[in-house]
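Colleague: I'm new to this one, so could you pick a single spot, take a close look at it, and then walk me outward from there? Keep it relaxed, please.

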Amino acid sequence: MLPILGALVLQAAYGAVDLLVVGRFGTTSGLSAVSTGSQVLNLVTFVITQFAMGITVLIARYIGEKKPQYIGALIGGATIIFAIVSAVLFVVMIGFAQPIAVLMQAPQEAVELTSSYVRICGGGIFFIVAYNLLAAIFRGLGDSKSPLLFVAVACVVNIAGDLILVAGLHLDAAGAAIATVTAQAVSVVFALFLLVKRE
């Protein structure tokens, strides 16, 4: 239970780290953009995590029932479904970033920056969805510690990215979004490497 809780807390901390760094080194509009944009990202992440929990339950059930031959088909089907969900989210978050920013009641002066944050995160939505699917697979196989390790590595990458892109290069909200997506990408590569290694 504790590794799962820890992973969820760390994943939610992405937005908090972005807020801290942008609040210290960015603009007021950038801070507002990250605050609003991270709410959108947290909502998407929460929904994806809940769907992925179903994969965890099914894998664990098949292992418990001594039917491991069904796990491959389950993972294959889940990959297709989550790829479709990712594609839909990609289109919505990139194509409708500005209406989403307005809908989330971003201040007028921060609408453009919020749109940029949502658009960049939408561009990396495949990594965000892939991480949650991979974490669900590991947990279903009885390994809840590896997903915690993945997200811990991602948090370190996110903090370093925020400091480089926001504090160093002054990219404001866009820099925070790029750091978040890059961190998720690193966690996905790390998870895939470990999954392949474990066959």
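Modeller: Let's start at C155, which is buried, with a relative accessible area of 9%. Buried here means under 20% relative accessible area, so C155 falls inside that class. Before going further, please keep in mind that this is a predicted model.

A cysteine makes people think of disulfides, so what does C155 do on that score? Its sulfur has its closest cysteine sulfur in C121, 14 Å away, and that is too far for a bond. The cut-off for a disulfide is 2.5 Å between the sulfur atoms. The count for the structure is 0 disulfides. Seen from the other end, C121 is in no disulfide either, with the sulfur of C155 as its nearest cysteine sulfur at 14 Å. C121 is buried too, because its relative accessible area is 1%.

Now for the rings. How many aromatic pairs turn up in a search of the whole structure? The search finds 4. One of them joins F90 and F126 in a tilted arrangement, with the centres 5.5 Å apart and 45° between the planes. This pair ties together distant parts of the chain, since F90 belongs to helix α3 and F126 to helix α6 (residues 125-140), 36 residues apart. Neither ring is hidden away: F90 is partly exposed at 30% relative accessible area, and F126 is partly exposed at 39%.

Helix α6 also takes part in another pair, between F138 and F150; that one is edge-to-face, 5.3 Å from centre to centre with 70° between the planes. F138 is in helix α6 and F150 in helix α7 (residues 145-168), so these are again distant parts of the chain, linked by residues 12 apart. Both F138 and F150 are buried. The contacts go on from there, because ring pairs link F138, F150 and F190 into a cluster. One more ring is worth a stop: the charged end of R24 sits over the ring of F25, at 5.0 Å from the ring's centre.

Let's go out to the surface. Which residues form a nonpolar patch there? They are I80, I84, V88, V92 and F96, and together they have about 460 Å² of accessible area. F96 lies in the loop between α3 (71-95) and α4 (97-103). With a relative accessibility of 47%, F96 counts as partly exposed.

Charges come next. Side chains of opposite charge can pair when their charged atoms come close. A search of the whole structure finds 2 salt bridges. In one, E65 pairs with R61, and the closest N and O atoms are 3.1 Å apart. In the other, the side chain of E65 meets that of K67, at 3.7 Å from N to O. The partners are partly exposed: E65 has a relative accessible area of 34%, R61 has 46%, and K67 has 33%. These bridges share partners, so R61, E65 and K67 join into one network.

For a sense of scale around that network, take M53, which has its place in helix α2 (residues 28-64). M53 is partly exposed, at 32% relative accessible area. Along the chain, M53 and K67 are 14 residues apart, and their C-alpha atoms are separated by 19 Å.

Last stop, the backbone. Most residues other than glycine have a negative phi. So where does a positive phi show up here? H170 has one of about 55° although it is not a glycine. D172 is another non-glycine residue with a positive phi, near 55°. H170 lies in the loop between α7 and α8 (172-197), while the place of D172 is in helix α8. Their surroundings contrast as well: H170 counts as exposed at 58% relative accessibility, whereas D172 is buried, with a relative accessible area of 10%.

And back to where we began: C155 is buried, and its sulfur is too far from that of C121 for a bond.

Definitions and conventions: Residues are numbered from 1 along each chain as its sequence is written. This is a predicted model: local features need pLDDT of at least 70, side-chain atom pairs count only at pLDDT 80 or more; totals for chains, interfaces and linings use all residues. Side-chain values use heavy atoms; hydrogens and water are left out. Patches are made of residues with over 30% relative accessible area and no salt bridge: like charges are joined within 9 Å, nonpolar side chains (Val, Leu, Ile, Met, Phe, Trp, Tyr) within 5 Å. Accessible areas come from the Shrake-Rupley method with a 1.4 Å probe; for residues, only the protein chains shown count as cover. A salt bridge is a side-chain nitrogen of Lys or Arg within 4 Å of a carboxyl oxygen of Asp or Glu. Helices (H or I, at least four residues) and strands (E, at least two) are DSSP runs, numbered from the N terminus. Buried means under 20% relative accessible area, exposed over 50%, partly exposed in between (1.4 Å probe, protein chains only). Rings of Phe, Tyr and Trp (its six-membered ring) pair if their centres lie within 6.5 Å; planes under 30 degrees apart count as stacked, over 60 as edge-to-face and the rest as tilted. A charge sits over a ring if NZ of Lys or CZ of Arg is within 6 Å of the ring centre and within 35 degrees of the ring normal.
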